[in-house]
Amino acid sequence: MNIHEFQAKKLFADNGVPVPEGYLATSGIEAEFAMRRLGCPVAVVKAQVHAGGRGKGGGVKLVKSPDECRTVAEKMIGMNLVTPQTGAEGKLVRKVYIEAGSDIDKEYYIALVLDRETASVCVMFSTQGGMDIEEVARTSPDKIVKIFIDPTIGLQGFQLRQLTFGLKLNATESKELTGFVKKLYAMFMKYDYSLLEINPLIVTKQGKMLALDGKMNFDDNALFRHKDIEAMRDFTEEDEREIEASKYGLNYIGLSGNIGCLVNGAGLAMATMDIIKSSGGEPANFLDVGGGASEEMVRNAFRILFSDKHVKAVFVNIFGGIMKCDIIAEGIVNAAKELGLKIPLVVRLEGTNVDKGKKILETSGLKIIPAEDMGDGARKAVEAAKSHK
């Protein structure tokens, strides 16, 4: 689950992490009064959407008076903000955050993320803040220092020294960063984050560190422990299909392609998307129905896939283990008949009761395209999507 910047700043402040003062506004007049309340000569108007790169799309503006703040906010609220992370469709701006301007001397980058390979919390720190960290990692990997914290032991003093010494910070900045990392790690463990990122982490000309931005992702499986965090969820920022899928226990992520995927198992789902790409197609989604999916789950999965107007073909790729192929086949047939099969449907079944499953598909009376293996299914799905009007 993601949250907005203004919500992240509130969590920072509640946990002793320094942030600039700011206020949320949903109209131009609210934005004007927010800047008057701040009493600062310069403020920043920030669009509140779940996407990075807002500045590149015109979603971050400096203003020098309450009147200008009102004008800029009125233009920003209601705009369709397109950033490198939103895709061409963009995101509707419904609210803005008015924040006091900061006297910036330096910009750093810091993030804490789960590292599943080492079963640790990875802290990444770079002196190249305010930039795309992926570009920094590609062109200047020496500008990034990483430490890996064993959660059973916790953050150690020598690891903090690795951060500060690694990029040769001065004594004042080292002290500030040490305090920051301690607080951020405590937050990471307290709230069950999967990602906690600040870009930029600034140093003011007065030598103080501030979190000028905040990106927070939470582990969905731990939200039952954090009802206050769960209450921050903004459904208007999420894909309606993903919201619908979550109601039925389906793992769904919408993409921009035209080939719908229905797969059991996250690894197989990733492999299915890869093989569609390598066959010249574009997957429309990641959809994992899980190893023990019921016929009802399959039907709801099809309903979500068919509701996507961009989908021109569907590729079902099932390996039957716990979930038997004949049960899946019955679910596919019943769903297709109930919802109406109007686009090509390619099905590859393998595993337990596969012969029974294939027989059910063959005798269904539906125009289902059988596939012998993943590669065959991907090629047929790509071809079907291209030929379907």
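**Close-up views of a predicted model**

**View 1. Helix 1 lies across three strands of a sheet.** In this predicted model, helix 1, made of residues 5–14, crosses strand 1, strand 2 (43–47) and strand 6, and its direction is at about 45 degrees to that of strand 6. Helix 3, formed by residues 66–76, also packs on the sheet, where it touches strand 2, strand 3 and strand 6, and its direction makes about 165 degrees with that of strand 3. Strand 1 and strand 6 (residues 96–100) run antiparallel and are joined by 4 bridges. Within this pairing, Y23 stands opposite I98, a residue of strand 6.

**View 2. An open sheet of 4 strands has the order 1-6-2-3.** The pairing in this open sheet is antiparallel. Strand 1 (22–25) and strand 3 (60–63) stand at the edges and have a single partner strand each, so one side of each is left without a neighbour in the sheet. From one strand to the next, the twist averages 20 degrees. As a general point for reading such a view, strands of a sheet pair through backbone hydrogen bonds, and this pairing can be either parallel or antiparallel.

**View 3. Strand 8 is mostly covered.** How many of the residues of strand 8 (residues 120–126) are buried? The count is 7 of its 7 residues. In a regular strand the side chains alternate between the two faces of the sheet. In strand 8 both faces are covered, with S120, C122, M124 and S126 buried on one side and V121, V123 and F125 buried on the other.

**View 4. Strand 8 pairs with strand 7 and with strand 9.** Strand 7, which covers residues 104–115, runs antiparallel to strand 8 and is joined to it by 7 bridges. In this pairing, Y109 stands opposite S126 of strand 8. The two strands, strand 7 and strand 8, form a hairpin with 4 residues between them, and A119, which lies in the turn, has a positive phi of about 55 degrees. Strand 8 also pairs with strand 9 (residues 144–149), again in the antiparallel sense, over 6 bridges. Here V121 has I149 in strand 9 as its bridge partner.

**View 5. Aromatic rings pair in helix 10 and in a cluster.** The count of aromatic pairs comes to 5. The ring centres of F302 and F306 are 5.5 Å apart and their planes are at 55 degrees, and because planes between 30 and 60 degrees apart are classed in this way, the pair is tilted. Both residues of this pair, F302 and F306, lie in helix 10 (residues 295–306), where they are 4 residues apart, about one turn of the helix. Are these two residues buried or partly exposed? F302 has 0% relative accessibility and therefore counts as buried, whereas F306, at 21% relative accessibility, counts as partly exposed, because the cut-off for buried is under 20%. Ring pairs also link F188, Y191, Y193 and F218 into a cluster.

**View 6. N15 makes a polar contact with Y191.** N15 is placed in the loop between helix 1 and strand 1. The polar contact joins the side chain of N15 to the side chain of Y191, at 3.1 Å. Once residues up to four places away in sequence are set aside, N15 touches K183, M187, K190 and Y191. Y191 is also one of the residues that ring pairs link into a cluster.

**View 7. L92 is a residue of strand 5.** Strand 5 consists of residues 91–92, and within it L92, with a relative accessibility of 36%, counts as partly exposed. How far apart are L92 and M79 in sequence and in space? They are 13 residues apart in sequence, and the distance in space is 5.9 Å, C-alpha to C-alpha. When its neighbours within four places in sequence are left aside, L92 is in contact with V49, G78, M79, N80 and E237.

**View 8. The whole protein, for orientation.** The protein has 13 helices and 18 strands, and its C-alpha trace spans about 75 × 50 × 40 Å along its principal axes. Of its 389 residues, 49% count as buried. The accessible surface comes to about 18700 Å², and carbon and sulfur atoms account for 52% of that area. Among contacts with a separation of 6 or more, 69% are between residues 24 or more positions apart.

Technical notes: Residues numbered from 1 in each chain as written. Predicted model: local features only at pLDDT ≥ 70, side-chain atom pairs only at ≥ 80, totals over all residues. Heavy atoms only, no water. Buried < 20%, exposed > 50% of the residue type's maximum accessible area, 1.4 Å probe, protein only. Pairing = 2+ DSSP bridges. Phe/Tyr/Trp six-rings, centres within 6.5 Å; stacked < 30°, edge-to-face > 60°. Axes fitted to C-alpha atoms, helices over the stretch in contact; angles between N-to-C directions. Contact = heavy atoms within 4.5 Å. Areas by Shrake-Rupley, 256 points an atom, 1.4 Å probe, with all protein chains shown as cover. Polar contact = N/O pair within 3.5 Å; in protein donor to acceptor, adjacent residues only side chain to side chain.
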